There are 2 protein chains.
Amino acid sequence: VTSSPALLLDLDGTLVDSVILHTLAWTRALEEAGTSVPMSRVQPLIGMGGPQLLDEVIGRDAPEVERAHGELFEKLRREVRPLPGAAELLQHARAAGLHVYVVTSSKPSDAEFLLGLLPGPSVDGVVHGDDVSRTKPYPDLFQVAVDRWGLDRDQCLSVGDSQWDVQAARQAGLRGVGVLTGGTPAERLFSAGAVAVYRSCRDLAEAPLAAGRR
Amino acid sequence: VTSSPALLLDLDGTLVDSVILHTLAWTRALEEAGTSVPMSRVQPLIGMGGPQLLDEVIGRDAPEVERAHGELFEKLRREVRPLPGAAELLQHARAAGLHVYVVTSSKPSDAEFLLGLLPGPSVDGVVHGDDVSRTKPYPDLFQVAVDRWGLDRDQCLSVGDSQWDVQAARQAGLRGVGVLTGGTPAERLFSAGAVAVYRSCRDLAEAPLAAGRR
């Protein structure tokens, strides 16, 4: 077990501005399958993995809709931009001696593409949707991270923009911090158990990093 | 002054599912002009007119960005769908003897196109962004409606998905009801002065319509 503190960062809506484009891709994919769903119903579900999202919306997994979302998002993802302060957060965390990992429900190819948008040093590791059978809000992604890198739960801080991040982290025994850059209101993040909510990664980067410094 | 009660309905995010596509069009337009803005910053501003939105984001009006947004949204608007219950709300309101007007910051061509997505009887009238120099959150659009159709303010109920609708209605002396279909959280609608918040137009359509029945 490593003694150094670690940040476990969500990707979509936390480091990169992709929530609305994911929402559009899911809505288009569902419509292609004959299901018309209001975008305001889909948007709060971004951050879940595909099977969990589809279970919420249509009550079952639907591999063909997942596949369509993947193709549609691949066309849209060139429009994704890094969120303000994302690169600074990585730099500051590294300078402060933290390990930095990304824990995302996304597919490996999307995660790789989106992380490539961030300048600066790469992260220490990535856990993605293909590493587990149940993505967020289940704790499995975080449990893989803890096991794979031998993390001390008390020295970890999870950062994410949705209640699915916070719920998954809590269920894995980790403290979770929220950011508002995915559009989820602060109240919902606190209700899910966030210990704090920052406006953005920029504000978190500029705050004293308290991970593991209980 | 007419004695019959009236519904004053917002369009984008209230009757049709266009908030995310407007967000995308504005973000693309701003980026074309060299300004990168997080989508979560733009989305809560939808419902304002273009000049007001641009003043919030870049501190000034920018006709070239407005024009670009107009062209980009025109390409996206074929993807807009009616929101659940929108057509039913119009039908129920008509059946209950209410007049139904649309009060929108949008341009006339977009308003016409989007209203055309709704089946059933057309509305009694539309006030749009070109009718005023200051759109929502200023009260001007509602004041035009009151004057043009000789409405009794106490007999009117405004319905909208954003705090800009609620603020504008209140400043014009009208009661405002919020709906969640544009993604604005209920708390923000209540803070702006909403007398009630419904999940969607469907829920409002199924509730006893109390407009003007004080």
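R94(A) comes out as partly exposed in this predicted model, with a relative accessibility of 30%. Its side chain pairs up with D124(A) in a salt bridge, where the closest N and O atoms sit 3.4 Å apart. The two residues come from distant parts of the chain: R94(A) is in helix α5 of chain A, while D124(A) is in the loop between α6 (108-115) and β3 (125-127), 30 residues away. D124(A) is partly exposed too, at 33% relative accessible area.

Now for another pair in chain A. R148(A) and D131(A) also meet in a salt bridge, 3.4 Å from N to O. Here R148(A) belongs to helix α7 (residues 140-149) and D131(A) to the loop between β3 and α7, so the bridge ties together parts 17 residues apart in sequence. R148(A) counts as partly exposed because its relative accessibility is 43%, and D131(A) falls in that class with 28%. There is also a network in chain A: D10(A), K136(A) and D165(A) are joined by salt bridges that share partners.

Which residue of chain B does E79(A) bridge to? The partner is R28(B), with the closest N and O atoms 2.4 Å apart. This pair crosses between chains, running from the loop between α4 (63-76) and α5 (86-95) of chain A to helix α1 (residues 19-32) of chain B. Is E79(A) buried or exposed? E79(A) counts as buried because its relative accessibility is 14%, under the 20% cut-off. R28(B), at 22%, counts as partly exposed.

Here are those three bridges side by side; the structure holds 20 salt bridges over all chains.

| Salt bridge | Closest N to O distance |
|---|---|
| E79(A) with R28(B) | 2.4 Å |
| D124(A) with R94(A) | 3.4 Å |
| R148(A) with D131(A) | 3.4 Å |

On to how the chains are arranged. Chain A superposes on chain B through a rotation of 180° with 0.0 Å of shift along the axis, at an RMSD of 0.0 Å. That is the relation of a two-fold axis. Both copies use the same surface, as 100% of the contact residues of chain A recur in chain B.

Last, the nonpolar side. The largest nonpolar core has 98 residues, and L15(A) and L15(B) touch the most other members. Beyond its neighbours within four places in sequence, L15(A) has contacts that include L9(A), P82(A), L83(A), V102(A), L118(A) and C201(A). D10(A) is among the contacts of L15(A) as well, and D10(A) is the residue already met in the salt-bridge network. A second, separate core has 17 residues, among them L8(A), A145(A), L151(A) and C156(A). In soluble globular proteins, nonpolar side chains tend to be buried together.

How values were computed
Residues numbered from 1 in each chain as written. Chains lettered and ligands numbered in written order. Predicted model: local features only at pLDDT ≥ 70, side-chain atom pairs only at ≥ 80, totals over all residues. Heavy atoms only, no water. Core = buried A, V, L, I, M, F, W, Y, C linked by side-chain atoms within 4.5 Å. Buried < 20%, exposed > 50% of the residue type's maximum accessible area, 1.4 Å probe, protein only. Contact = heavy atoms within 4.5 Å. Least-squares fit on C-alpha atoms with pLDDT ≥ 70 in both. Salt bridge = Lys/Arg side-chain N within 4 Å of Asp/Glu carboxyl O. Helix = DSSP H or I, 4+ residues; strand = E, 2+ residues; numbered from the N terminus.
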